Amino acid sequence: MASSTDAGQPANGRTRLRDGLGFFGSFLRNPGSVGAVLPSSRYLARALVGRLELKPGELIVEYGPGTGPVTDVIRTSLPPGARYLGIELDPRFHELLTQRYPGLEFHLGSAADIEGVLRQRGLPRPVRIISGLPFASLPAAVQDGIAAGIVHCLRGGGGDFRTFQYVHAYGLRAARRFRALMAERFGGFERLGPVVRNVPPAFVLRYWGVK
Ligand SMILES: C[S@@+](CC[C@H](N)C(=O)[O-])C[C@H]1O[C@@H](n2cnc3c(N)ncnc32)[C@H](O)[C@@H]1O
């Protein structure tokens, strides 16, 4: 999916067009797990990532990086010595990401397996988890597994979990279910936006303080 000229470069217009077409193809093959027809805009990506104040050795994890619009923002604001791990389920996206961002670490698999992935790679628990997963279209059992992993990672630390939900899907049962699940487990919650410079517009959700 990616050419070698992409390596380490921020996405330009042509790359974004090619990413958009590739992303749409993946959506047609796996609508439930891709959950969107286009990659996120840089406006949504910036709102999602927020300020990164990681210390050397601290880890940020991204769930579902896709073609990498959020990864781009993380990479350019990652403090020296801080670490990054992306977990992507789709093998095509995973291949594109490993070619495009040779300095970053990507795992091919499910975010639900976070505990084992960290153990296997000798990584610490993350201080921030940023998710592009389409919770509004993920089955309840998958939501539960992913939420349990997030809680495990952030328990006892000062870190947070950030994700987005599209405005048009905010009221869907699965989207409400995921928010209720997180509200049971986290004391802190804020909703930012909507970010309107994204197709479609989306809210950013932030959770912190595992109960
Ligand atoms: C809505 S897209 C977001 C892509 C990208 N973060 C963006 O904002 O454009 C959802 C992504 O999550 C990935 N995904 C879905 N289920 C996953 C899972 N259980 N673990 C890891 N990645 C998953 C999909 O393959 C896809 O890349």
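Start by selecting Pro-194, which sits in strand β6 (residues 186-195). You are looking at a predicted model, so keep that in mind at every stop. Show the backbone around Pro-194 and check the bond before it: Gly-193 and Pro-194 are joined by a cis peptide bond, with omega at about 20°.

Now move along the chain to Pro-200. This residue belongs to the loop between β6 and β7 (202-210). Here too there is a cis peptide bond, linking Val-199 to Pro-200, and its omega is about -5°.

Keep Val-199 on screen and add Leu-38. Leaving aside residues up to four places away in sequence, Leu-38 touches Val-199, along with Gly-20 and Phe-23. Where does Leu-38 lie? Look in the loop between α2 and α3. Is Leu-38 buried or exposed? Neither label fits: it has 18 C-beta neighbours inside 10 Å, so Leu-38 counts as partly exposed. If your viewer has a distance tool, try it on the C-alpha atoms of Leu-38 and Gly-22; these residues are 16 apart along the chain, and the atoms are separated by 9.2 Å.

Next, display the ligand. The shell around it holds 23 residues, and those that come nearest are Pro-39, Ser-40, Gly-64, Gly-66 and Gly-132. Which elements give two or more residues to this shell? They are α2 (31-34), α4 (69-77) and β2 (83-88). Try colouring the shell by class: you should find 14 nonpolar residues, seven polar ones and two charged ones.

From the ligand, follow α4. Select its buried residues, Pro-69, Val-70, Thr-71, Asp-72, Val-73 and Ile-74. Around them you can pick out their packing partners: α3, β1 (59-63), β2, α5 (91-100) and β4 (128-131).

Stay with α4 and bring helix α3 (residues 42-49) into view. The axes of α3 and α4 come within 8 Å and cross at roughly 55°. That angle is why the two helices are described as oblique to each other. Their crossing is right-handed. To see the contact itself, select Arg-42, Ala-45, Arg-46, Leu-48 and Val-49 on the α3 side, then Pro-69, Val-70, Asp-72, Val-73, Ile-74 and Ser-77 on the α4 side. By class, this contact has seven nonpolar residues, one polar and three charged.

Now visit another helix pair. Select helix α7 (residues 140-154) and helix α8 (residues 173-185), whose axes come within 11 Å and cross at roughly 30°. How are α7 and α8 arranged relative to each other? They are roughly parallel, because angles under 35 degrees count that way. The crossing of α7 with α8 is right-handed. From α7, Ala-140, Gln-143, Ala-147 and Val-151 meet Arg-177, Phe-178, Leu-181, Met-182 and Arg-185 of α8. Six of the residues in this contact are nonpolar, one is polar and two are charged.

For your last stop, remain in helix α7 and pick Ile-146. Why is Ile-146 called buried? It has 23 other C-beta atoms within 10 Å, and 20 or more is enough to count as buried. Setting aside residues up to four places away in sequence, Ile-146 touches Ala-111, Ala-112 and Leu-133. To finish, draw a line from the C-alpha atom of Ile-146 to that of Ala-82: the two residues are 64 apart along the chain, and the atoms are separated by 24 Å.

Conventions
Residues numbered from 1 in each chain as written. Predicted model: local features only at pLDDT ≥ 70, side-chain atom pairs only at ≥ 80, totals over all residues. Near = placed C-beta within 6 Å. Helix = DSSP H or I, 4+ residues; strand = E, 2+ residues; numbered from the N terminus. Nonpolar A, V, L, I, M, F, W, Y, C, P; charged D, E, K, R; others polar. Axes fitted to C-alpha atoms, helices over the stretch in contact; angles between N-to-C directions. Parallel < 35°, antiparallel > 145°, perpendicular 65-115°, else oblique. Left-handed = near helix turned anticlockwise from the far one by under 90°. Contact = placed C-beta atoms within 7 Å. Buried ≥ 20, exposed ≤ 12 C-beta atoms within 10 Å, placed from the backbone.
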